[in-house]
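Please look through the sequence and the model below before reading on. The paragraphs that follow start from one residue and work outward from there.

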Amino acid sequence: MESVELSELNRHRMLHGEHIIVRLTYISRYNDNNPNGEVTRILAQAQENNERNGITGALVFNHNYFLQSIEGARPVINELLRKLVQDDRHYALQIIECREVEMRHWNKWSMKYLIPSDENKGLALKFSTGSQFNPYLMSTNQIIMLIETLSELQEREVVTASNKKKSWFSIG
């Protein structure tokens with residue numbers, strides 16, 4: 001009986017597109033009426049919800065703008081998009097890209113928080129028209145390249161920090 005129920009569940013999921021992975025990239029402006037510390041709470045809540053719902057992604061935030069790329073099952077991403085549109089913690093949401101993908105790009109994180117910093121502010125010049133981070137002035141390709149570059153830089157920092165923390169008795 002269990003295999004019949006499992007088979008029916010799989011058929012139901014297939015009919016609703018849960019086997020199709022979608023990547024949604026959007027930008028929005030931070031609502032200044034939010035209380036201090038709201039971004040930290042948003043991030044923690046998103047990480048918990050996304051992990052539970054099988055959503056992976058990267059978030060770039062600089063106190064004015066959100067730039068996010070998320071991946072997951074098509075119906076899950078569609079439901080999340082409905083919630084994002086109604087969320088008053090941000091406004092002026094614009095979808096940059098929404099497409100089916102063969103595999104996840106952000107599969108290591110339920111949510112990766114990438115912050116433009118002094119060390120990487122040259123990336124704003126490299127990928128946009130000015131020295132300030134404003135995703136509304138960037139093309140889709142520039143946005144995707146910025147997220148990927150910030151992700152690679154952060155990944156290198158994690159590896160470097162991990163190598164520095166190795167114990168003196170570690171083997172290879």
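Two residues are said to be in contact when heavy atoms of theirs lie within 4.5 Å. The model shown here is a predicted one. With that in mind, take Glu71, which is found in strand E3. Its relative accessibility is 0%, so Glu71 counts as buried. Which residues is Glu71 in contact with, leaving aside its neighbours within four places in sequence? They are Val22, Arg23, Gly54, Ile55, Thr56, Ile77, Arg104, His105, Trp106 and Asn107.

Now step back to the whole chain. The protein chain contains five helices and five strands. Starting at the N terminus, their order is α-β-α-β-β-α-β-β-α-α. Of the 172 residues in the chain, 39% are buried; here, buried means under 20% relative accessible area. Among the contacts with a separation of 6 or more, 78% are between residues 24 or more positions apart.

Ile20 gives an example of parts of the chain that are distant in sequence. This residue sits in the loop between helix H1 (2–15) and E1. Its relative accessibility is 17%, which means that Ile20 counts as buried. Ile20 and Val101 are 81 residues apart along the chain, yet 7.9 Å separates their C-alpha atoms. If neighbours within four places in sequence are left out, Ile20 is in contact with Gly72, Ala73, Arg74 and Glu100.

Next comes helix H2, which covers residues 38–53. H2 has 16 residues, and 22 Å lies between its first C-alpha and its last, close to the 22 Å expected at 1.5 Å a residue. Which residues of H2 are buried? They are Glu38, Val39, Ile42, Leu43, Ala46 and Asn50. Around the helix axis these residues cover an arc of only 130 degrees, so they are on the same side of H2. The other side of H2 has the exposed residues Thr40, Glu48, Glu51 and Arg52. After H2 comes Gly54, with a positive phi near 70 degrees. Gly54 was also listed above as one of the residues in contact with Glu71.

Helix H3, residues 74–86, can be read in the same manner. H3 has 13 residues and reaches 19 Å from first C-alpha to last, which is close to the 18 Å expected at 1.5 Å a residue. Ile77, Leu80, Leu81 and Leu84 are buried in H3. Why do the buried residues of H3 line one face of the helix? Seen down the axis, they fall within an arc of 105 degrees, and therefore they line one face. The face turned away from this buried side carries Lys83 and Gln86, which are exposed. As for their partners, the buried residues of H3 pack against strand E1 (21–30), H2, E3 and strand E4 (90–101).

H3 also contains Asn78. Is Asn78 buried, partly exposed or exposed? Its relative accessible area is 35%, so Asn78 is partly exposed. Asn78 and Val22 are 56 residues apart in sequence, and the distance between their C-alpha atoms is 9.2 Å.

Strand E4 holds a residue with a backbone angle to look at: Ala92. Most residues other than glycine have a negative phi. Phi of Ala92 is positive, near 60 degrees, although Ala92 is not a glycine. With a relative accessibility of 38%, Ala92 counts as partly exposed.

The last topic is empty space. Rolling a probe the size of a water molecule over the atoms shows where such space is left. The largest pocket has about 520 Å³ of space. It is lined by 22 residues, and Ala46, Asn49, Asn50, Leu80 and Leu84 are the closest to its centre. Two of these names, Ala46 and Asn50, appeared among the buried residues of H2, while Leu80 and Leu84 appeared among those of H3. Which elements each supply at least two residues of the lining? Helix H2, strand E3 and helix H3 do. H2 gives the most, with seven residues. Sorted by class, the lining has eleven nonpolar, six polar and five charged residues.

Key. Residues numbered from 1 in each chain as written. Predicted model: local features only at pLDDT ≥ 70, side-chain atom pairs only at ≥ 80, totals over all residues. Heavy atoms only, no water. 1 Å grid on protein atoms, 1.4 Å probe; cavity = no way out; pocket = protein on both sides within 12 Å on 5 of 7 lines; lining within 4 Å. Points joined across faces, edges and corners; volume = space filled by probe spheres on them. Helix = DSSP H or I, 4+ residues; strand = E, 2+ residues; numbered from the N terminus. Nonpolar A, V, L, I, M, F, W, Y, C, P; charged D, E, K, R; others polar. Buried < 20%, exposed > 50% of the residue type's maximum accessible area, 1.4 Å probe, protein only. Expected span 1.5 Å × (residues − 1). Arc of directions from axis to C-beta.
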